[in-house]
Amino acid sequence: MTTTHCPYCALQCAMHLEPGPDGRLAARPADFPTNRGGLCRKGWTSTEVLTVPDRLTRPLIRKDRDSELVQTDWDTALDHVAERLLALRAESGPDTVAVFGSGSLTNEKSYTLGKFARLALATSQIDYNGRFCMSSAAAASTRAFGLDRGMPFPLTDVGGAEVVLLAGANPAETMPPMMGHLSAPTLIVIDPRRSATAQAALNGGGVHLAPRPGTDLALALGLLHAVRVQGWCDEDFVQDRTTGFETAWEHAAAWWPERTEQVTGVPAAHIRAAADLLGRASRNHSAYILTGRGTEQHTKGTDTVSAWINLALALGLPGRQGCGYGCITGQGNGQGGREHGQKADQLPGYRKIDDPAARAHVARVWGVDPHTLPGPGRSAFELLDALGTDDGPRAMLLLGSNPLVSAPQTERVRERLASLDLLVAADFVLSETAAMADVVLPVAQWAEERGTMTNLEGRVLRRNRATAPPQGVRTDLEVLSALAVRLGQPPQRFPTDPDTVLAELGRASAGGTADYSGVTPHRLASGEALHWPVRKKEEPTPHLFLDSFAHPDGRARFTPVPHQPPAETTDTDYPLIATTGRTMGHYQTGAQTRRVPELHRAEPEAYVEVHPDTAARAGLATGQWARITSRRGHTRARVRLTPTARMDTVFLPFHFAGDQAANNLTNPALDPTSRMPEFKVSAVRLEREPAQP
């Protein structure tokens, strides 16, 4: 039996893996603080992904774009990739090669991928799919508190609160074991949909506020207004531990509840009641405000999260035991993946790549001249959008990501990928993006290798190997090392042993915001709760900010944020708003979960949630196929009539591909700070799907 952690979300639930009579691994839950001995259906079926029928075990290569992928050997595949990369760099310079990573990679892989891009390729063109997930909350938390750790407290603390406000989060479907921590508090759920979490709030005597998509910021301003007017503002905390309240209040002062109702559709009485509920709990230091993707994935996502943080600060929640603000990180290593160098503007330890001191520190660890390190590159969608253009990359190496399904405006992404001279994907199956690649490299999966992950609380965990990968499959570290050597790097610079990489990551991150220098295999094996920063020879930090915030003056910052409309609005041609999200049975682009029979049977196809009256106006009935069209493209989905839905809004899960991809519709307009696309608001029209020929 091997004890390890789930391959999916950032709860990183613990599990035991045991071989069954047929030799295949089976999962059962293990006791751990985040899951407390429970698993969701994805966790229970997680080992089935290891033996899917279309699992890749040999490299694939195609002669040219008009040829099929055929099997080859590793040396042929790696030699071809290295030769093409060297030739393209000689023709067009190092930035002609791009790298695209993932929030599902281990800390060791994330670190090595960033190092590989900056040293072996000398390119600035690296980013990752976490830009689509947590980047707005990361930016808002950094400017408010001086650093970003999704939850600056253990998840177990939340269960003791009187009230928890969830803005744009649906853990009942996306992280079911988390609901065990939310069963005792009264919940206030902010979501345009009557999600499973919103229903749980109502069932428990809580509140569901359903704003029009794109108006979360106005609602947060309205709640701040109500909190102050109704006497719940913690004036002593604001004076002693923060700066900038009055400037932030200048924006909130105009958002009295009746005005907020006109913009958001949330009744003024409900806003005042929610403010009282939060206020009473905050007086007892017993309330939390938690945000998720629903409030982040907008062109004003960073400002919207800042508005929720402003509310938390006004109530005196952050930096105290028993209360606070936190971001519910989504991907399995969404936290660690954004800390150690696979972001366009970042070096290990959450250091900024344009900081001379940071460059000098990391260069010393790597044994190179800091002047040889490239500067900041393009963010994720900007990188994808530049592929094959006159000044954009002509080649891309992709690990652990499927942007042809996950990125906005998928038809544009398909065009850009097709324009590349070389696309290389490291994957375990032919995902939609890997199927477009010129070279596909089969790599090991979560239970077949060792490494560390960092969960939503900033806790560094040990993922243990339970079985060997199939014959012919290599780990990502082995792939990057072999390519680096072929590109002229010394072999010792890119080790393949995860513990060796972890030790180097510790040295590279030492002194940084996300300091892992005290994380060792021995401490991980002992079960010690290693919440970062974990400095060498020091205790870990489960609770941040209790003494001071991370700004030089020790104070948190209020941020003045005005409400802005979404990047696009509805009109007579596109009268509805489409918003996207996840379902319980699938994860991210579905490349894993759509291959698990039990999960596929439960949700085999895309669907669209529609209010019955909205469906009737479009001539649609339950179970019929609908066509949903935006200004960028269209998708098809099976109609589900949902009486609790807003009449102006339709919802689609984004786990499906091709003509059922929700991201055929979505808007690539970006948040100016986080560079997050506006996934949550697309103006659309709804009609019957034309009959198939």
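**Exercise 1. Locate P533 in this predicted model and describe the peptide bond that precedes this residue.**

Solution. Step 1: P533 lies in the loop that runs between β21 (530-531) and β22 (556-557). Step 2: W532 and P533 are joined by a cis peptide bond, with omega at about 5 degrees. Step 3: For context, most peptide bonds are trans.

**Exercise 2. State where Y350 is found and what sign its phi has.**

Solution. Step 1: The position of Y350 is in the loop between β14 (346-347) and β15 (351-352). Step 2: Phi of Y350 is near 65 degrees, which is a positive value in a residue other than glycine. Step 3: As a general background, most residues other than glycine have a negative phi.

**Exercise 3. Determine the strand order of the open sheet of three strands and identify its edge strands.**

Solution. Step 1: The strands follow the order β1-β2-β3, and their pairing is antiparallel. Step 2: β1 (2-5) and β3 (25-29) are the edge strands, since each pairs on one side only. Step 3: From one strand to the next, the twist averages 35 degrees. Step 4: Strand β2 (residues 14-19) pairs with β3 in the antiparallel sense over five bridges. Step 5: Opposite P19 stands L25 in β3.

**Exercise 4. Give the domains of the protein and describe the contact between domain 2 and domain 4.**

Solution. Step 1: The domain assignment gives domain 1 (2-46), domain 2 (60-125 + 334-513), domain 3 (151-328) and domain 4 (576-688). Step 2: The centres of domain 2 and domain 4, taken over C-alpha atoms, are separated by 30 Å. Step 3: To the contact, domain 2 contributes 15 residues and domain 4 contributes 18 residues. Step 4: The size of an interface is often given as the accessible area lost when the parts come together. Between domain 2 and domain 4 the buried area is about 1400 Å², and carbon and sulfur atoms give 61% of it. Step 5: On the side of domain 2, V405, P408 and Q409 lose the most area to domain 4, together 35% of what that side buries.

**Exercise 5. Describe the salt bridges and polar contacts across the interface of domain 2 and domain 4.**

Solution. Step 1: Two salt bridges are found across this interface. Step 2: E382 forms a salt bridge with R675, and their closest N and O atoms are 2.6 Å apart; the cut-off is 4 Å. Step 3: Across the interface of domain 2 and domain 4, 10 residue pairs are in polar contact. Step 4: On the side of domain 2 that touches domain 4, α15 (380-386) and α16 (403-406) each supply at least two residues.

How values were computed
Residues are numbered from 1 along each chain as its sequence is written. This is a predicted model: local features need pLDDT of at least 70, side-chain atom pairs count only at pLDDT 80 or more; totals for chains, interfaces and linings use all residues. Side-chain values use heavy atoms; hydrogens and water are left out. Two strands pair if DSSP finds at least two bridges between them. Helices (H or I, at least four residues) and strands (E, at least two) are DSSP runs, numbered from the N terminus. Axes are lines fitted to C-alpha atoms, for helices over the stretch in contact, and angles run from 0 to 180 degrees between N-to-C directions. Domain bounds come from an automatic or database domain assignment. Contact means heavy atoms within 4.5 Å. Buried area is the accessible area (1.4 Å probe) that two parts lose on being put together, summed over both. A salt bridge is a side-chain nitrogen of Lys or Arg within 4 Å of a carboxyl oxygen of Asp or Glu. A polar contact is a pair of N or O atoms within 3.5 Å; within protein, one must be able to donate a hydrogen and the other to accept it, and residues adjacent in sequence count only if both atoms are side-chain atoms.
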